Structures are given as C-alpha cells and as structure tokens.
Amino acid sequence: MPDAYIVTHCSPTLANLKTGSLFTVYDKKETVLRDVTALNRRITRFGLRMVPLRVREASSLLYLYRPARLREDLEAPQAKGILEEKGYPVSDCEQCVADIAKHLQQDADFPHEIGLFLSYPPEDVLGFMNHPKTGVKTVGCWKVYGDRAQAEKTFRMYDRCTAVYRNAVSLGSTLEQLIVRG
C-alpha cells in the first residue's frame, strides 16, 4: 500500500488532528493483510495502529487509529453512553475495535456508532442514529447535527492538512516523517 494512498485517506490522523480514519483498499485479501502487517511494523512506534475491520476477497475496509486517543474519546460521557447502550465494553478499547469489526462483518446495517471511532462529535453521531434525515445543519466529513461552525472549521482543517501532506509526499517525504507523535 503506497504511502501516498494512506496520506490521501488518513492525513488528519497521521497529524494527530483526529483519532482515526476509515478507508477502503481494493486489492486481494492476502495482499491487504500483508500490507497491513508491514505498515504496522512502521507505525506502531509512533502510537498508531492499522486494523482491517472488514475483509473481502477484492476489497477491505481499514481503520488507522491512535489507541491512546481512542481510549480518551470513548470515555467521554456521551460517547460512553452511546456505546454502552449498544453493548460495547467501553472499559476495553481494543475490544471495542474488535466489536465494531464484528458488527461490520455480520450486521446487515452499517454501525453508525463508528463515528465515535473517527472523532465525530457524539452529539452528531447520536443525531444521525436517531434522525438521519432531519435536523442536519451541514455535511462535510460527517453529517452535523450540533455545532455547525466548529464542524466547518474542522472540515477545513482536515482538508488543509490533507493538501499539505499530499504535497509533502509528492516531494519525497516518507510516512514516518509526516507522523506527529501523540
């Protein structure tokens, strides 16, 4: 998996602006699993981890995240309440990741609580879960039901970060050089 592909989909996570990024890779299952293992050898020392959440023969849904930051996000009272109501073991961050992967593999519906794993504000995750088509104030990286101004500021920051990181990779920077320690 080329560094440029990871940068395109995960720059805000690499820059420690958000907890995690979710993206799809279109390749054979064996190739993706090999690439994930190789990437983890490169990034775990920086406090990052990549896991395949859903693996199919020709495509895989991957999650690049910061475990320490995810623990903090999932402990926030509103996030914790949402996850506890859904049966997640909030005290065990790694098990929560395993559970979201299980839901993605087995459930017919997409688990909307995944937004909590991607730094979406809990009020927006809850808004989407309860009223997906009404009350939307704006749409960017996610549907916003709460603080529109803050969300738009965040969307712009993510876009700028991605542009800067893509440019850096095009000029020869490596993934390791771009990761901000968290």
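**View 1. D73, L74 and E75 in α3 meet P77, A79, K80 and L83 in α4.** This is a predicted model, and we begin with two of its helices. Counted by class, this α3–α4 contact brings together four nonpolar and three charged residues, with no polar ones. Helix α3 covers residues 67-75 and helix α4 covers residues 77-85. Their axes are 5 Å apart, and the packing angle is about 85°. That angle makes α3 roughly perpendicular to α4.

**View 2. Helix α1 crosses helix α7.** Here you can follow α1 (residues 3-14) as it meets α7 (residues 148-170). The two axes come within 8 Å of each other and cross at roughly 135°. α1 and α7 are therefore oblique to each other. The crossing of α1 past α7 is right-handed. On the α1 side, look for A4, V7, T8, S11, P12 and L14; their counterparts in α7 are Y158, C161, T162, Y165, R166 and V169. Sorted by class, this contact has eight nonpolar residues, three polar ones and one charged one.

**View 3. Three strands make an open sheet.** Reading across the sheet, the order is β1-β3-β2, and the pairing is antiparallel. Strands of a sheet pair through backbone hydrogen bonds, in either a parallel or an antiparallel sense. The edges belong to β1 (20-25) and β2 (49-55), each with a single partner strand, so one side of each has no neighbour in the sheet. From one strand to the next, the twist averages 25°.

**View 4. β3 pairs with β1 and with β2.** Strand β3 spans residues 60-65 and pairs with β1 over six antiparallel bridges. The pairing of β2 with β3 is likewise antiparallel, over six bridges. S60 in β3 is a handy place to look: V25 stands opposite S60, and S60 is also the bridge partner of V55. To trace the chain from β2 to β3, follow the hairpin, which joins them through four residues.

**View 5. Helices α1 and α5 lie across strands of the sheet.** Which strands does α1 lie across? They are β1 and β3, and α1 runs at about 170° to β1. Helix α5 lies across β2 and β3 instead, running at about 25° to β2.

**View 6. A close look at R54 in strand β2.** Setting aside residues up to four places away in sequence, R54 touches S59, S60, L61, L104 and Q105. One of these, S60, is the β3 bridge partner of V55. K28 is a useful landmark for gauging distance: R54 and K28 are 26 residues apart in sequence, and their C-alpha atoms are 13 Å apart in space.

**View 7. A close look at H103 in helix α5.** Helix α5 runs over residues 93-106, and H103 lies within it. What joins the side chains of H103 and D107? It is a polar contact of 2.6 Å. Leaving out neighbours within four places in sequence, H103 is in contact with Y88, P111 and E113. To place this view in the wider picture, remember that α5 is the helix lying across β2 and β3.

Notes:
Residues numbered from 1 in each chain as written. Predicted model: local features only at pLDDT ≥ 70, side-chain atom pairs only at ≥ 80, totals over all residues. Heavy atoms only, no water. Axes fitted to C-alpha atoms, helices over the stretch in contact; angles between N-to-C directions. Helix = DSSP H or I, 4+ residues; strand = E, 2+ residues; numbered from the N terminus. Parallel < 35°, antiparallel > 145°, perpendicular 65-115°, else oblique. Contact = heavy atoms within 4.5 Å. Nonpolar A, V, L, I, M, F, W, Y, C, P; charged D, E, K, R; others polar. Polar contact = N/O pair within 3.5 Å; in protein donor to acceptor, adjacent residues only side chain to side chain. Pairing = 2+ DSSP bridges. Left-handed = near helix turned anticlockwise from the far one by under 90°.
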